[in-house]
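Trainee: Could you take me through one part of this model up close? I'd like to hear about the place where the two chains meet, with a bit of the surroundings thrown in.

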Amino acid sequence: MHPIFLHRGRLLLYLAVWVVFGLLLAVVFVFGGKAPVAWSLEFAVPIAVALGLQSLSFWYVVQQMPPGDTPVGRMAAIWTIAGLVSLLVWIALAYGWAKWLLPEEQQYSDHAVGMLPLLIFAGAIGISLAVLGHYLVGAFQRSRNAERRALELQVLAREAELKSLRAQLDPHFLFNSLNSVAALIGNDTVAARQMCFLMANFFRKSLTLARQQAIPLAEEVSLAETFLAIEKVRFGDRLRTSFDIADDVKDVSVPPLMLQPLVENAVHHGVAHLLEGGEVCVQARRRESFLELVVANPCDPDRPPSRSTGVGLVNVRSRVETLCGHRASVDVDASDTAFRVSILLPAVSSQTAKS
Amino acid sequence: MRVLIVDDETLARSILSEHLQQLPAVEIVGQAANGFEAVKLAEELIPDLMFLDIQMPKLSGFEVLELLGERAPAVIFTTAFDEYALRAFEVHAVDYLLKPVEPPRLAAAVERAAERLRNRTPAPSAEQLSAAARPPGRTLERILIRHEGRVHVLPLERIDYIEAQDDYLSFAAGGKHLRKQQTMSELETQLDATRFVRIHRSFILNVERLARIDLYGKDSWLAILADGTKLPMSRTGHTKLKELIG
């Protein structure tokens, strides 16, 4: 539906413009065609309004051919055809109207002197103005939509950042780690110190990274490694890790704190439920123009259904979609004994992304 | 006082035992790294007091208590974060400690346990224990069964049907039958009523397993399961099932 019908005020204003056009046309008839004033008004104003209503159909043509996306030649050709068809229809209407107004043969021929060229001229001008107007309104609307979409994206990104920060401050992680430090101080001061360094490192990194829009994959991997190193102190032999990061993707730009929540899930909802523990595997490689990032872990088939597994994952999914739209995907492959998340992102180097 | 420490983290066990050794009345008789070990050691060693972590692989601390039932010693929960405090008090825990535990706080908790042991407070009922073993507001998700000396964790979706046999319930799952001492009506209240229906005085059916219903006689039906098993169905059972599956 044409947007003008959504607002009565706009529609009235639009029709008023065409009434003015009709009045001008009447003046031309009176002075140029020597027609009587009353007849000219009666004839010109309705056909001008008719032209206005007819021109509303141009909106659909504009929708089909947004400027910029369509080659100029094609646009010119289509508008010429649309304009001519519109003009013909209008002139037919005008003749019909004239005939209805003045059914008597003799009077009709009197006033019809010079009417055709005038009508063609006026119609062409009216139609051109209408097309131009539609393009102007269309451009205005597009720029407003783009602004709104940019704002929406900003809000979404901020929300995701907040959520991931909250996830970062997982109280279990913090207090359990502190408990490990307290335990180590008693019998292994070197390891205790090491643990403090790891924790300081982890919290500093996640705070700095969260403030950025995008970071190189290598930094995100290093954060995940630090996280796993801390968890290894807690879980001991039960937690094993393997990283396989291809050299040609280390520089790829990724949203910060995207990998970390996945690794966290792999530990807390996977390995932590297994008596013998298991291995968390992180894999990154290039697939044509995409980065493929995979986090896989074994899990316990009897594990209690979890309330929070989804949260981190939903968060990652919404961030990836906000940043890359349909060009990115997040796939989950969950079986009884294994869990695997793979993310596909357009591989843009972080150097290119910055410049 | 004989003490058992249960925690899946080596370091958490070591700091707790380090601090407990400072207390004169305490003798550490054993340490368990998971729920299965905890159940086994608690029965073998018969400790007076058990320090019990809540989040552990396979069995949670609450589930360990459920399995031990009346044989459970006095319990002090130790956990990193206080989201379980309410449930801990429902199972009459002596205390609830947050890790890392400060030694004076630990000493106070042990003192409370000693007092509790002198007064011989009765243990919570089995029903209280199993109610606390699941998160508040949620129905049962898995059944804990001790069968021939082993602990089985049976997720509900694996159960085909449950049959009452004297004082026991027999859980049928994929051709196997596991027995547990519990009453039908007690279990029925803990199950999700949209998934499990009591179709007969002595049968509860997993609705997903139902293949068809045959008329057997006047006011009696047979529920035919996907694997061919036939279960009797009473008139009330038939009405309940009809209401559920429409």
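Mentor: Sure, and let's start with some background on chain A: of its 355 residues, 30% are buried. Keep in mind as we go that this is a predicted model. Twelve helices and seven strands make up the secondary structure of chain A. If you take the contacts in chain A with a separation of 6 or more, 75% of them join residues 24 or more positions apart.

Now for the part you asked about. On the chain B side, 18 residues are in contact with 22 residues of chain A. Two elements of chain B, helix H1 (10-20) and strand E7 (150-155), each bring at least two residues to the side that touches chain A. H1(B) gives the most to that side, with six residues. As for the chemistry, the residues on the side of chain B that touches chain A split into nine nonpolar, six charged and three polar.

While we're in chain B, have a look at B:Val91 too. You'll find B:Val91 in the loop that runs between helix H4 (85-90) and strand E5 (95-98) of chain B. B:Val91 counts as buried because 23 other C-beta atoms lie within 10 Å, and the cut-off for buried is 20 or more. Also worth picking out is B:Glu66, which is 25 residues away from B:Val91 along the chain, with 9.4 Å separating the C-alpha atoms of the two.

Terms used
Residues numbered from 1 in each chain as written. Chains lettered and ligands numbered in written order. Predicted model: local features only at pLDDT ≥ 70, side-chain atom pairs only at ≥ 80, totals over all residues. Helix = DSSP H or I, 4+ residues; strand = E, 2+ residues; numbered from the N terminus. Buried ≥ 20, exposed ≤ 12 C-beta atoms within 10 Å, placed from the backbone. Contact = placed C-beta atoms within 7 Å. Nonpolar A, V, L, I, M, F, W, Y, C, P; charged D, E, K, R; others polar.
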